[in-house]
Amino acid sequence: MTDYQRIFVVTTQAGAPEVARVRATLASSATVLTAPTAEAKRVVEGLDREAVPDVLLAPVRFPSVDRGHRLDELVRRHAVEDRYRDLVVVADPATVTLLLRVLAPDQLPEAGPVTEVGLPRAPRPVPLGRAAAGGVGLAVVAGLLAALVPIWVLPALVVAAALVLLVVPGRRHLAYALLIATAVAAVFSLFAIAGSSRFPGSW
């Protein structure tokens with residue numbers, strides 16, 4: 001299933017409400033790429049994220065013929081550094097318009113100073129090692145709590161959480177990890193029971 005990396009393209013005309021809405025949707029790890037201007041600095045301060053200034057985003061009166069492609073290369077280079085991190089680009093309206101024409105020609109620009117585009121990316125890989133270790137830990141905790149609650153309650157809660165995460169964009173890898181952990185916990189518990197005195201074959 002194709003996933004998308006979010007890139008917020010924000011003009012220096014964005015007001016405090018628009019900037020606040022962008023900030024509310026950003027993770028703490030988001031990268032902010034900005035023009036080195038006072039107007040862009042105002043927007044970046046509202047985003048409350050560390051910014052990376054680049055002179056290529058600075059406004060120019062007579063843009064070169066390949067300026068759009070150079071802007072596209074700049075944004076994609078920062079995006080590829082971490083495909084699972086949100087990216088924000090802050091620049092003047094003319095630069096933003098030129099960037100959007102090349103970066104996302106198949107996506108209609110949104111009305112207003114903020115446009116969100118998505119670059120296709122593969123789904124985030126499932127952390128199999130941590131999922132397996134978590135499954136063993138889940139089995140141990142469920143076994144310790146068996147005297148208080150049925151042994152299936154904790155795994156059922158984990159499965160329920162995984163089903164919720166399956167419908168949350170960008171969190172499917174966590175859902176799959178939880179499902180794998182539950183399966184590992186079930187297998188681990190079966191082996192533990194088979195090796196204990198509760199299993200007839202061990203008498």
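This passage describes a sheet, a helix that packs on it, and a pair of packed helices in a predicted model.

The sheet is a good place to begin. It is open and built from 5 strands, which follow the order E3-E2-E4-E1-E5 with mixed pairing. Strand E3 (51-53) and strand E5 (114-121) take the edge positions; each has a single partner strand, so one side of each remains without a neighbour in the sheet. On average, and with direction ignored, neighbouring strands of this sheet are turned by 25° against each other.

The pairing of E5 can be followed in some detail. Strand E1 (residues 3-11) and E5 run antiparallel and are joined by 8 bridges. Within this part of the sheet, Val9 stands opposite Thr115 of E5. Helix H4 (residues 93-103) packs on the sheet, where it touches E1, E5 and strand E4 (87-91). The direction of H4 makes about 160° with that of E1.

Attention now turns to the helix pair. Two packed helices are described by the angle between their axes and by the distance between those axes. For helix H5 (residues 128-144) and helix H6 (residues 153-166), the packing angle is about 140° and the axes lie 8 Å apart. H5 is therefore oblique to H6, since angles count as roughly antiparallel when they are over 145 degrees. On the H5 side, the contact is made by Leu138, Val141 and Ala142, and on the H6 side by Leu154, Pro155 and Val158. Sorted by character, the residues of this contact of H5 with H6 comprise 6 nonpolar, no polar and no charged.

Conventions: Residues numbered from 1 in each chain as written. Predicted model: local features only at pLDDT ≥ 70, side-chain atom pairs only at ≥ 80, totals over all residues. Heavy atoms only, no water. Axes fitted to C-alpha atoms, helices over the stretch in contact; angles between N-to-C directions. Helix = DSSP H or I, 4+ residues; strand = E, 2+ residues; numbered from the N terminus. Parallel < 35°, antiparallel > 145°, perpendicular 65-115°, else oblique. Contact = heavy atoms within 4.5 Å. Nonpolar A, V, L, I, M, F, W, Y, C, P; charged D, E, K, R; others polar. Pairing = 2+ DSSP bridges.
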